[in-house]
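Here is a short briefing on one chain and one of its residues. Please look over the model before reading the points below.

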Amino acid sequence: MSNISLKEPPQAKRTLNLTRFKRDLVGWCFILAPVILIGIFVVYPMINSFHLSLQSGVGRNLNFVGLDNYTRLFQDRTFIRALQNNLTYLAIQVPLMILLGLLYAVLLNKKDLKFRSFFRMCIFLPAITSLMAYATVFRYLFDQQGIINALLLNWGLIQDPIGWLMNPVLARVTIIAALTWRWTGYNMIFYLSSLQNIDEGIYEAAKIDGANAVQAFFKITIPLLKPIILFTSIMSTIGTLQLFDEVVQITDGGPGQATVTMTQYIFNLMFWYNPDFGYAATVSFAVLLMILTLSVIQFWATRDRDKPRRRA
Amino acid sequence: MKKLVSVIGASILMLTLLFGLAGCGSDNDSGAEQIVIWAWDPAFNIAALELAAEFFNAENPDVEIIIEEVAFDSIVQQLNIAFAAGTMTGLPNIALVEQYQSQVFLQNFSEHFYPIGNRVNTNNFAGYTVPIHSHNGVMYGVPFDTGAIGMFVRHDILAQAGFSVEDVYMIDWWEALEISEAVFEATGVRMFSQNLAATGGYARMNMTASGTWYTGADGQTVNINNSPSIRRAVEVLKEFVDRDLVMHHGDANTMHANWHTSQVWAVPGAVWLTPSVMLDDGLSGQWTLVPYPRLPDVQGATNFGNMGGSAWYILDVPGYEIAAEFLSFTFGNNLEFHEALLTEIGALSVFTPLANSPVLSEPHPFFGGQPIFQQFSIWANNIPQFNVGLHTYFGNSLISTAIVEILEEGRDIDDALNAAQHHADTQLN
């Protein structure tokens, strides 16, 4: 091999490098603009807000306090409450929603189901309603004198109206119910579209081999949907950790601070309490760190263990 | 090569365009005779502004007054962002600021406001409002509406239980509890409607009536567990809830529904609730206004407190001189204007010369001829001074959390208030 390259005239190699350089330069120019823009509008603010998170004080009178803000986090009852709330929503709502979404998707993928597109539309419809509008409706549904209580009273299931939004636990249940209603259809669409890409032949072959519907679901559907399940669970995790609108509109973080989320707490620190931009930045970094960690765990847990055996 | 040049050219063009856009903010140095004002309620403070513009334009026809409706939350956010960024571009000449936010702005960013105190007489405003809107002894905001509190009661329901309006006049909360029990027994009607998930308003009314606040005299140190007024207010609320004498509401709509469907016989609250109480014409003549119940056995407790109220702040942007002239001509010094505010819009201001105005003593037909605004105005002058300080919203969340813990999770009162105090101590130092 080496003696072949030796025979090549050096001039040609230089021209080759030059054309390659020119070609690369065009590519670099193309990505230069986004790199600069991302640098200015994303990277620089991130670095700057990290610097901000090491300072404390009110308004613009900030002093450098090192890691004090980060130790303050662990003593902050509201932050811990918010963190617990986010994790509660995450642990209950995300699996619930993904399972429901999968179930709907599989049911609605059946070729012999009548009014299929009508049902699909019904389940997807919540995903296109305005966040504020649906949250307001949920607030009224679960009001002390709301329709949920009216129905339960009417059916004789309860004696006195339940204070859904007044009790810390029930208020969280309400938020989870609302989130599930709003986002299940959205995730279902992803599953449905990838279900339609699964070759019918695989199911037929499994049937011939004697697999029942449950086996087909767990041995064929779930493994083939794995990338999309991973995608939706990461998106839902991020969405839940950044939850803001629903909580603000349904309970405003109440009763007391029982349903407050981390993003709402950041907002309160910035705009409602005496503005402490440094500490608010610290909480933002805590959120970022958690999203990163959870995403890495999710990638790791659902990684493709068969990959090394795959032929190129 | 041509391609390369065009690509580089295009990239540069794109970048310059992007940055060019960011660079060319409006440079409003023309000194045009116009001022921009932000307020949030078309039925109330914006209506008041329109009236003020009318008054001002009658004398100064060449000044254009632009009134913009900006949501209450949005005003706070936009001012905070602008001050933190150190840029005043895009801010109005005058913004309406709620009293709980005023010290946060003044103690952090007073250099961005124009001290109107030099242009208007501070004696023109109810005594308790002046320190709220002042910093280092200078008044920055022109106080607008009063948040004087009272209690609207349904004398027809009281009569069914054998009580008269005199029985609920100038009472304390334990007396109110006794009457409430009797009324509930006789009629099945509870006393008042309260959002038990957010009880900051209830706490503030009782604290101001006792001349105290979440913070001590310095406006900085949060005092929750050693405050007799907070403790008593919590005890009172717990007693009312335990005896099932309170209706819970989730928001203003259900609150109004509770009032207007005769689920409650009292509306303890501020003067600005008057239009809401009047929403149901069918109940005209059934409501009477009495003073707010005072906290029992608390030193300095009165029947006169405050909830809410706002002031006009001039921002240090070009045109502040015209803005100052506008405010001092209307809200700052003009009795005729304040009379018109009351008669045309129903807005009761904290303007003290109004006290002697005949407009104030006019009987109010909805309240059976009772001159309610005069009463609110007299009570406003009796409100003990209190220092709102910096931590009102933080205090609200502390109190609401403690009350939820006490009512819903069965936590001991001392325990919950100590936890709130501990939270404040660790977070504010």
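Accessible areas come from the Shrake-Rupley method with a 1.4 Å probe, and for residues only the protein chains shown count as cover. This is a predicted model: local features need pLDDT of at least 70, side-chain atom pairs count only at pLDDT 80 or more, and totals for chains, interfaces and linings use all residues, while side-chain values use heavy atoms, with hydrogens and water left out. Residues are numbered from 1 along each chain as its sequence is written, and chains are lettered from A and ligands numbered from 1 in the order in which they are written.

**Surface and charge**
- About 16,600 Å² of chain B is exposed, and carbon and sulfur atoms supply 50% of that area.
- Chain B carries 12 positive charges (Lys and Arg) and 46 negative charges (Asp and Glu), with His and the chain ends not counted.
- The mean positions of the two sets are 12 Å apart, each charge being placed at NZ of Lys, CZ of Arg, CG of Asp or CD of Glu.

**Burial and contacts**
- Of the 429 residues in chain B, 59% are buried, meaning under 20% relative accessible area (1.4 Å probe, protein chains only).
- Among contacts (heavy atoms within 4.5 Å) in chain B with a separation of 6 or more, 77% join residues 24 or more positions apart.

**Ile413(B)**
- Ile413(B) is buried, at a relative accessible area of 10%.
- Leaving out residues up to four places away in sequence, Ile413(B) touches Arg231(B), Val234(B), Glu235(B), Lys238(B) and Ile406(B).
- Ile65(B) lies 348 residues from Ile413(B) along the chain, and their C-alpha atoms are separated by 52 Å.

Methods. Buried < 20%, exposed > 50% of the residue type's maximum accessible area, 1.4 Å probe, protein only.
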